[in-house]
Amino acid sequence: VEAMEPLTKQALLSLANDIGVGVGRYQGVLAKTGECPYDSIRRRQSALFRGQGDSGSLFVIGSGEAILNQCRLMQIHGEEDVLQARQRGRLLQVYEGMCKEATEVIAVAYRKLVYTDEELENPQALEDELVFLGMISFRDELTVGIRDAVEQCSRAGMRLLLMSDYELADVFRLARAACRRQNPAPMPADGQLPRLEDDAGD
């Protein structure tokens with residue numbers, strides 16, 4: 001969780017401790033040996049751990065779609081089973097519903113490995129054939145004063161843009177929360193962004 005935002009990391013660690021799977025439980029059992037940081041193209045990040053002997057595990061977190069597309073199995077009550085197409089579709093619907101109510105939704109998956117030195121070089125290449133574990137949602141309230149600041153900027157004639165690599169549902173929810181107007185201006189299309197950057201540079 002090193003690459004996460006501090007509040008997200010803190011929330012995950014607190015949840016892990018509450019349900020009895022905190023970091024201390026795995027010290028001396030799993031050793032982190034590699035990672036592939038999050039990026040907005042893959043929309044996920046992964047960490048490689050070595051266990052006892054030649055056993056290893058890859059843990060992957062990210063957006064619901066990005067994770068589910070890489071999963072072949074899902075874990076139910078501790079047992080692994082094939083992730084059927086209809087189950088994948090249903091889970092995506094659940095994910096989209098969670099995004100409407102939460103600031104951030106993180107999907108979690110893993111993959112058991114027979115540990116080899118070659119796997120250390122590129123954990124990203126191992127981000128398939130995953131086992132889906134579940135999803136966690138977070139909700140952060142806007143910082144006090146944000147709505148007033150947005151309104152003042154708007155009255156001053158400033159054009160406000162919200163830029164984020166969050167899922168679109170999260171971005172629109174944040175925009176609505178920060179803006180007193182019922183219908184904020186639509187989000188620019190991808191083709192408009194280079195033009196906006198050029199205008200900003202001028």
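What span should the 17 residues of helix 4 have at 1.5 Å a residue, and how far apart are its end C-alpha atoms? Keep that in mind while you get your bearings; this is a predicted model, so you're touring a computed fold.

**The whole chain**

Start with everything in cartoon view. You'll find 7 helices and 7 strands. Walking from the N terminus, the order of elements is α-α-β-β-β-α-β-β-α-β-β-α-α-α. Color by burial next: of the 202 residues, 30% count as buried. Switch on the surface and about 13300 Å² is exposed, with carbon and sulfur atoms supplying 51% of it. If you like contact maps, look at pairs with a separation of 6 or more: 61% of those contacts join residues 24 or more positions apart.

**Helix 4**

Now select residues 85-101 and put a distance label between the end C-alpha atoms. The label should read 25 Å, and the expected span is 24 Å, so the two agree.

Show side chains for Leu91, Tyr95 and Cys99, which are buried. They take up an arc of only 85° around the axis, so they sit on the same side of helix 4. The spacing fits a general rule: an α-helix has 3.6 residues a turn, so residues three or four places apart point the same way. Cys99 is worth a click of its own, because its 2% relative accessibility makes it count as buried, the cut-off being under 20%.

Spin to the face turned away from that buried side. There you'll meet the exposed residues Arg86, Arg90, Lys100 and Glu101.

**The core**

Leu91 is a good way in, since it's among the residues with the most contacts inside the largest nonpolar core. That core has 15 residues; select Leu58, Ile67, Cys71, Leu83, Leu130 and Phe132 as well to see the other best-connected members. Strand 3, helix 3 (64-68), strand 4, strand 6 (104-114) and strand 7 (130-138) each give at least two residues to this core. Strand 6 has the largest share, with 3 residues.

Zoom in on Leu130. Which residues does Leu130 contact, leaving aside its neighbours within four places in sequence? Light up Leu58, Val60, Gln70, Cys71, Arg72, Leu73, Ala109, Tyr110 and Arg111.

**Strand 3**

Stay around here and pick Ile61, which lies in strand 3 (residues 55-62). With a relative accessibility of 18%, Ile61 counts as buried, because the cut-off is under 20%. Then add Met135: Ile61 and Met135 are 74 residues apart along the chain, yet their C-alpha atoms are separated by 9.2 Å.

**Cysteines**

Select the cysteine sulfurs next. How many disulfides does a search of the whole structure find? The count is 0. Cys36 makes a good stop here: at 12% relative accessibility, Cys36 is buried.

**Two loops with positive phi**

Finish with the backbone torsions. Most residues other than glycine have a negative phi, so a Ramachandran plot is handy for this last stop. Arg43 has a phi near 60°, a positive value. Find Arg43 in the loop between strand 1 (31-39) and strand 2 (44-50).

The other one to click is His77, with a positive phi near 50°. His77 sits in the loop between strand 4 (71-76) and strand 5 (79-82). Is His77 buried or exposed? Toggle the surface: the relative accessible area of His77 is 82%, so His77 is exposed.

Key: Residues are numbered from 1 along each chain as its sequence is written. This is a predicted model: local features need pLDDT of at least 70, side-chain atom pairs count only at pLDDT 80 or more; totals for chains, interfaces and linings use all residues. Side-chain values use heavy atoms; hydrogens and water are left out. Helices (H or I, at least four residues) and strands (E, at least two) are DSSP runs, numbered from the N terminus. The expected span of a helix is 1.5 Å times one less than its number of residues. Buried means under 20% relative accessible area, exposed over 50%, partly exposed in between (1.4 Å probe, protein chains only). The arc is that of the directions from the helix axis to the C-beta atoms. A nonpolar core is a set of buried Ala, Val, Leu, Ile, Met, Phe, Trp, Tyr and Cys residues joined through side-chain atoms within 4.5 Å. Contact means heavy atoms within 4.5 Å. A disulfide is a pair of cysteine sulfur atoms within 2.5 Å. Accessible areas come from the Shrake-Rupley method with a 1.4 Å probe; for residues, only the protein chains shown count as cover.
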